[in-house]
Amino acid sequence: MWQSYIKHFKNYLRLERSLSGNSVEAYVRDVEKLEEYLELAKIDLPPAKMNEEHLTGFLKYLSELGLAAHSQARMLSGIKAFFKYLLLENEITEDPTELLESPRLPRKLPDVLSYEEIETMLSAIDHSTPEGTRNRAIIEVLYSSGLRVSELTGLQLTHCYFDIGFLRILGKGDKVRLVPIGKEAIKYTQIYLEHVRSEIAAAKDAEDIVFLNRRGGQLSRVMIFLMIKDIVEKAGIHKTVSPHTFRHSFATHLIEGGASLRAVQEMLGHESITTTEIYTHLDRDYLRQVITEFHPRG
């Protein structure tokens, strides 16, 4: 139902507005994300029947996924362009986006890092030390798999399936999910395990924990925060960066790269605030493909 509208919208952007190929694809991708959301939410409506409430639900869904505020605003710009086009073509009589504003987020989200800033942070780590080797692996895993800090500190050796590229994560509410892990994160974690962790006598309650402190104990959340703060300062990045920043960066970079909303939702371990029916199991081969295709370090 939507594809015909999207096709003509694409021609309009290219021929009448003379936008660049990249801009055209970005606008089209925004509308396709809206269509995808409607399918997941089981809202079977043509563009002419859309109203402000439907679009507000879409924006709330994006914020629940962790998409950065500026990315939501950019996507909303594409949606507004689409409905203005429909208005010009007399396909609709009222623009449902006219009074639409990005929803207020329930809390201030941390800044999202660009891929270049993440690379700068990684370069600022001293890889000649055992702690540096460990910290490189930690940053890679946080960004590669979008883990919460508690999921990172509690990650177990027996839950790392590097041969198939997955981690078994125990998330909020003791819900278990399989999360893909990128090849760079696997590489640096294996270096850490082989050259650093193998030399540490693990404490009795941390024998199966991946990332350990010098005394062989499990890392605390505070230690991860302080480690990241130190790396950010050394990298000369002037943003408020926490472990959760990497989770938001993970989601933002995947979605902006074209990854499926449902796949990102599954990897984050979120249940939608809009509808619980959206949360469905995905084939793990597909999730692995999403990381490989859309993640900068996949």
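The legends below describe several close-up views of a predicted model.

**View 1. The N-terminal region that UniProt annotates as a core-binding domain.**
An unreviewed UniProt entry places the feature "domain: Core-binding (CB)" at residues 1-87. In the predicted model, the chain over residues 1-87 is 78% helix and 0% strand, and the C-alpha atoms at the two ends of this stretch are 18 Å apart.

**View 2. The largest nonpolar core and the helices that contribute to it.**
The largest nonpolar core holds 43 residues, of which Trp2, Phe9, Leu34, Tyr37, Phe58, Phe83 and Leu261 touch the most other members. Two or more residues of this core come from each of the elements α1 (2-16), α2 (21-40), α3 (52-65), α4 (69-88), α10 (243-256) and α11 (261-268). Apart from this core lies another one, of 41 residues, which includes Ile139, Phe162, Phe211 and Met227. Once its neighbours within four places in sequence are left aside, Leu261 is in contact with Lys33, Glu36, Tyr37, Phe58, Tyr61, Leu62, Leu65 and Ile255.

**View 3. Aromatic side chains, with the pair formed by Tyr37 and Tyr61.**
The model has eight aromatic pairs. One of them joins Tyr37 and Tyr61 in a tilted arrangement, with 5.5 Å from centre to centre and 40° between the planes. Because Tyr37 lies in helix α2 and Tyr61 in helix α3, the pair ties together parts that are 24 residues apart in sequence. Both Tyr37 and Tyr61 are buried. Elsewhere in the view, Trp2, Phe9, Tyr12, Phe82, Phe83 and Tyr85 form one aromatic cluster.

**View 4. Arg148 and Lys172, two of the residues that UniProt lists under "active site".**
The unreviewed entry places this feature at Arg148, Lys172, His244, Arg247, His270 and Tyr279. Arg148 sits in the loop between α6 and α7 (149-153), whereas Lys172 is found in the loop between β2 (166-170) and β3 (176-180). Arg148 counts as buried because its relative accessible area of 9% falls under the 20% limit. Lys172, by contrast, counts as exposed because its relative accessibility of 61% is over the limit of 50%. Apart from neighbours within four places in sequence, Lys172 is in contact with Arg148 and Glu151.

**View 5. The open sheet of three strands and the loop residue His159.**
The strands of this open sheet follow the order β1-β2-β3, and their pairing is antiparallel. β1 (160-161) and β3 stand at the edges with a single partner strand each, so one side of each has no neighbour in the sheet. Two bridges join β1 and β2 in the antiparallel sense, and Cys160 stands opposite Leu167 in β2. His159 lies in the loop between α7 and β1, and this residue is buried, with a relative accessible area of 19%. Leaving aside neighbours within four places in sequence, His159 is in contact with Phe166, Leu167 and Arg168.

**View 6. Helix α8 and its buried residues.**
Helix α8 (residues 183-195) has 13 residues and reaches 18 Å from its first C-alpha to its last, which is close to the 18 Å expected at 1.5 Å a residue. Within this helix, Ala185, Ile186, Tyr188, Thr189 and Tyr192 are buried, and what covers the buried residues of α8 includes α6 (130-145).

Methods: Residues are numbered from 1 along each chain as its sequence is written. This is a predicted model: local features need pLDDT of at least 70, side-chain atom pairs count only at pLDDT 80 or more; totals for chains, interfaces and linings use all residues. Side-chain values use heavy atoms; hydrogens and water are left out. UniProt positions are given in the numbering used here, feature names are shortened, and annotations may be inferred rather than shown by experiment. Helices (H or I, at least four residues) and strands (E, at least two) are DSSP runs, numbered from the N terminus. The expected span of a helix is 1.5 Å times one less than its number of residues. Buried means under 20% relative accessible area, exposed over 50%, partly exposed in between (1.4 Å probe, protein chains only). Contact means heavy atoms within 4.5 Å. Two strands pair if DSSP finds at least two bridges between them. A nonpolar core is a set of buried Ala, Val, Leu, Ile, Met, Phe, Trp, Tyr and Cys residues joined through side-chain atoms within 4.5 Å. Rings of Phe, Tyr and Trp (its six-membered ring) pair if their centres lie within 6.5 Å; planes under 30 degrees apart count as stacked, over 60 as edge-to-face and the rest as tilted.
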